[in-house]
Amino acid sequence: MNTIKSMVLVALGVMTVVVRAQTPDEVVNSYLNQTGGKDKLSTIKSLRMEGKIKMQSVEIPVTILQEKSGKLKMVTVVNGVEFVQMAYDGKIAWSTNAVTKLPEIMSEEDAYNIQQETDVDFPNPFLDYKSKGYTAEVQGREKVGNVDCIKLKLTKKALKRNKKVEENSMIYYFDAQNSNLLMSRGLINNGPVRGISQEIMYNNFQKVDGMMFPFEMRYRISGQEGQTIIIEKITINPVLDNKVFVFPEGK
């Protein structure tokens, strides 16, 4: 009798876990609501983020510009010299060569990958994710540090890595208590380290115009500590001159 009772209790416990399990839409909607809500996020047409990149004891000023049209630009300043880490004007992807300090067009593969994501992922990849052709899958729970997190896989449009078309997916870890996004894990899609694994830890959440943003993003590349981006100011819907995104011909 005790054995039967134990089996029933175990079965009820399993049923309870199943009932409490969240669907992908429930996880996504909870996260979007915590971030500010779909309606609020949909009003974002452009962003300007200013801060610094910290690498060990070195701090480098950084400015990130983004537009709904897919245009983006990330600029750092080193010893008074401006370096474009990445820019995309809707057609051409380019950056500053670290040696010559001159602008150069990025590879066709990098441009393709940037184009695949910049427009549809702005301002949030989870906003109307199904209409983008994305799929989401809850993969149980896992701790990030001491925090119990819901683990969700988001599969997006396939990208090109080393001349091969490969799955483009990212694993996201949401705090099970408040739905904050604490970590993402996936492969780097652009640049010389394309295809290398990367983790991003999100911290210091602050509200800007009623929407929640992480003001600190700490990167780990292949398990090794990398740079940390510390945001000091976010401006929502600034008027951006389209010329800043365009590759400077003749230079």
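**Reading the interior of a predicted model**

Author: In this predicted model, Ile234 touches Leu47, Arg48, Met49, Val208, Phe213 and Phe215, leaving aside residues up to four places away in sequence.

Reader: How should such contacts be read, and which residues have the most contacts inside the largest nonpolar core?

Author: In soluble globular proteins, nonpolar side chains tend to be buried together. Here the largest nonpolar core has 37 residues, and Phe126 and Ile234 have the most contacts inside it. Two or more residues come from each of helix H2 (24-35) and strands S1 (46-55), S2 (58-67), S8, S9, S11 (197-208), S12 (211-221) and S13 (224-236). Strand S12 gives the most, with five residues. Another core, of seven residues, lies apart from this one; among its members are Val144, Cys149, Ile171 and Leu182.

Reader: Is helix H4 mostly covered or mostly uncovered?

Author: An α-helix has 3.6 residues a turn, so residues three or four places apart point the same way. In helix H4 (residues 108-118), eight of the 11 residues are buried: Glu109, Asp110, Ala111, Asn113, Ile114, Gln116, Glu117 and Thr118. The elements covering these buried residues include strands S3 (72-78), S4 (81-88), S5 (93-96), S8 (147-161) and S9 (164-175).

Reader: What volume does the second largest pocket have, and which residues are the closest to its centre?

Author: Rolling a probe the size of a water molecule over the atoms shows where empty space is left. The second largest pocket has a volume of about 160 Å³. Of its 14 lining residues, Glu82, Val84, Trp94, Thr96 and Pro248 are the closest to the centre. Strands S4 and S5 each give two or more residues to the lining, and the largest share, three residues, comes from S4. By type, the lining comprises eight nonpolar, one polar and five charged residues.

Terms used
Residues are numbered from 1 along each chain as its sequence is written. This is a predicted model: local features need pLDDT of at least 70, side-chain atom pairs count only at pLDDT 80 or more; totals for chains, interfaces and linings use all residues. Side-chain values use heavy atoms; hydrogens and water are left out. Buried means under 20% relative accessible area, exposed over 50%, partly exposed in between (1.4 Å probe, protein chains only). Helices (H or I, at least four residues) and strands (E, at least two) are DSSP runs, numbered from the N terminus. Contact means heavy atoms within 4.5 Å. On a 1 Å grid over the protein atoms alone, a cavity is a set of points where a 1.4 Å probe fits but cannot get out, and a pocket is an open set with protein on both sides within 12 Å along at least five of seven lines; lining residues have an atom within 4 Å of a point. Grid points are joined across faces, edges and corners, and a volume is the space filled by probe spheres set on the points. Ala, Val, Leu, Ile, Met, Phe, Trp, Tyr, Cys and Pro count as nonpolar, Asp, Glu, Lys and Arg as charged, and the others, Gly among them, as polar. A nonpolar core is a set of buried Ala, Val, Leu, Ile, Met, Phe, Trp, Tyr and Cys residues joined through side-chain atoms within 4.5 Å.
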